[in-house]
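Student: I have a model open and would like to know how its labels are justified. Could we go through a few of them together?

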Protein chains: 2
Amino acid sequence: MAQQTDPARRAPLSRDRVLRAAVALADGTGIEALSMRRLAQELGVVPMALYKHVANKEELLDGMVDAVVGGIRPPDLGPDWRGAVRGRILAAREALRSHPWASQVIRSRSGPTPALLAHMDAVIGAFRTGGFSVDLTHHAMHALGSRILGFTQEVFDAPPGAAPGAAAGPPAAEQAAAFRQLAERYPHVTELAGATAHDDDSVVGRGCDDQFEFEFALDLLLDGFERLRQQGWTSSPSPAGGRAG
Amino acid sequence: MAQQTDPARRAPLSRDRVLRAAVALADGTGIEALSMRRLAQELGVVPMALYKHVANKEELLDGMVDAVVGGIRPPDLGPDWRGAVRGRILAAREALRSHPWASQVIRSRSGPTPALLAHMDAVIGAFRTGGFSVDLTHHAMHALGSRILGFTQEVFDAPPGAAPGAAAGPPAAEQAAAFRQLAERYPHVTELAGATAHDDDSVVGRGCDDQFEFEFALDLLLDGFERLRQQGWTSSPSPAGGRAG
DNA sequence: CTTGACGAGTGTACGGCGTACGCCTACCGT
DNA sequence: ACGGTAGGCGTACGCCGTACACTCGTCAAG
């Protein structure tokens with residue numbers, strides 16, 4: 001699988017080629033087997049050559065995430081909020097299904113990448129357009145949790161036979177400009193963040209009550225379970241108004 | 001924080017002491033700073049000494065998870081299923097809140113540890129006792145997803161300023177005995193697994209339709225959102241029949 | 001044509017990691 | 001008294017990410 005080592009007849013490296021190769025390598029051999037050295041070898045290049053195109057491994061991982069998340073292709077979206085949200089979430093799931101490492105990497109990263117922000121912005125936008133208040137949208141996003149990203153935790157199946165950022169900030173003016181740009185690019189995210197954290201130091205969030213969000217989502221699910229139980233649920237394809245994606 | 005190095009006046013190591021120290025270290029400095037070497041230093045001992053008490057780092061992590069999950073203390077549980085489930089889940093959340101690394105480690109492990117199985121068995125038992133069918137229980141567990149473990153994904157908050165086991169099996173007889181023991185210890189897990197995977201090679205699962213489970217949970221949440229939206233939701237503390245834990 | 005800057009790829013080296021293997025020694029039952 | 005055993009020690013190996021200084025090909029300015 002490794003390329004020829006002759007430096008003459010080898011395509012020049014580029015950030016894009018590096019990221020592609022990294023994604024392919026992670027797909028093929030698992031994320032834990034992805035090392036800078038192994039990746040360089042795969043590209044027929046010395047390890048340090050990679051550092052001309054990515055700052056370090058963290059940035060490589062971010063780039064890989066963005067590549068995958070950027071590949072989310074939402075279907076034709078109807079005007080109703082439910083179809084729009086459902087479609088985007090299922091599209092995200094589809095995009096991530098062939099890259100099992102992606103969800104884990106996304107979670108391990110400290111902050112969202114641009115493509116992730118764009119996706120979230122689109123989902124939030126779908127709620128708002130559908131008449132959801134900022135508040136309800138906020139809670140809904142929390143309740144959806146990791147489902148926004150197109151995957152669910154699967155701790156559950158798996159045979160039990162086997163036992164088991166950014167450092168110091170830039171100058172204030174520059175920071176403000178960056179914020180304005182952010183707000184322009186991700187208007188819905190910004191609106192939502194601003195509503196929950198208007199009196200907070202941080203640029204965007206940390207202003208919401210985790211415990212409340214947790215219980216909100218939990219009770220929403222428990223309510224749903226109770227309804228299904230009462231109506232003697234057996235095995236209809238969708239709990240209520242499910243519609244095809 | 002490191003102990004004295006004099007081997008004479010130092011308490012002897014033990015698996016328990018190692019696990020405790022590991023948990024404390026992970027709590028204090030983060031899971032990524034937990035290395036065998038650092039942990040040994042913390043215990044005033046040479047790295048290889050640890051390997052007399054844990055087989056390797058993987059087993060250390062499993063032990064840490066079990067220590068934390070084993071510390072889940074469910075409150076007084078009423079007879080109603082909802083209170084029981086809710087109580088156990090919130091207790092799990094509470095136990096894991098002071099160990100932010102735990103959820104990540106749980107996910108990264110390949111299979112559930114005994115304490116995790118016990119917790120899931122209890123939750124499943126609460127559903128079944130409350131009159132849930134095996135099927136509905138199964139879907140409910142999937143829908144709860146990572147919430148069973150007492151945490152939610154929080155990709156959402158976090159300032160965007162920062163850019164972004166066991167190997168080859170033992171002989172069949174021994175395996176069967178192990179299975180019986182498993183079934184005895186975790187009856188509800190076993191029942192549920194058996195119902196979804198009766199014609200499957202693997203000991204316990206892999207028999208359920210991921211896509212169905214995903215959409216089931218998604219639609220359950222979307223139904224809930226729609227109801228709240230229609231009734232012009234503003235900010236009542238709980239969507240419906242929320243009760244105190 | 002020379003030259004000097006520049007960017008891509010190279011080579012070497014450092015500190016940290018998990019852990020295999022063998023030794024040393026204090027304790028124990030006989 | 002003595003051999004076994006269990007717990008802790010020391011050394012060593014092969015990985016890892018990456019800092020730093022280099023070479024060399026390209027190309028614009030003189």
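Student: Happy to start at a helix end: which residue follows helix 7 of chain A, and what is the sign of its phi?

Tutor: Keep in mind that this is a predicted model. Gly145(A) comes right after helix 7 of chain A, and its phi is positive, near 50°.

Student: What makes Thr137(A) a buried residue of that helix?

Tutor: A residue is called buried if 20 or more other C-beta atoms lie within 10 Å of its own. Thr137(A) is listed as buried, so it meets that cut-off. Other buried residues of helix 7 (residues 134-144) of chain A include His138(A), His139(A), Ala140(A) and Leu144(A).

Student: Which helices do the buried residues of helix 7 of chain A pack against?

Tutor: In chain A they pack against helix 6 (114-129), helix 9 (187-196) and helix 10 (210-230), and in chain B against helix 10 (210-230).

Student: Now the DNA. How do you know that Leu13(A) is near DNA strand C?

Tutor: Near means a C-beta atom within 6 Å of the strand. Leu13(A) is among the 16 residues around DNA strand C, so its C-beta atom passes that test. Met48(A), Ser35(B), Met36(B) and Asn56(B) are also among those that come nearest.

Student: Which helix gives the most to that surface?

Tutor: Helix 2 (residues 36-42) of chain B, with three residues. For DNA strand D, the largest share, three residues, comes from helix 2 (residues 36-42) of chain A.

Student: Where does UniProt list a "DNA-binding region" in chain A?

Tutor: The unreviewed entry gives residues 35-54. That span is 35% helix and 0% strand, with its end C-alpha atoms 13 Å apart.

Note on methods
Residues are numbered from 1 along each chain as its sequence is written. Chains are lettered from A and ligands numbered from 1 in the order in which they are written. This is a predicted model: local features need pLDDT of at least 70, side-chain atom pairs count only at pLDDT 80 or more; totals for chains, interfaces and linings use all residues. Helices (H or I, at least four residues) and strands (E, at least two) are DSSP runs, numbered from the N terminus. A residue is buried if 20 or more other C-beta atoms lie within 10 Å of its own, exposed if 12 or fewer, and partly exposed in between; C-beta atoms are placed from the backbone. Two residues are in contact if their C-beta atoms, placed from the backbone, lie within 7 Å. UniProt positions are given in the numbering used here, feature names are shortened, and annotations may be inferred rather than shown by experiment.
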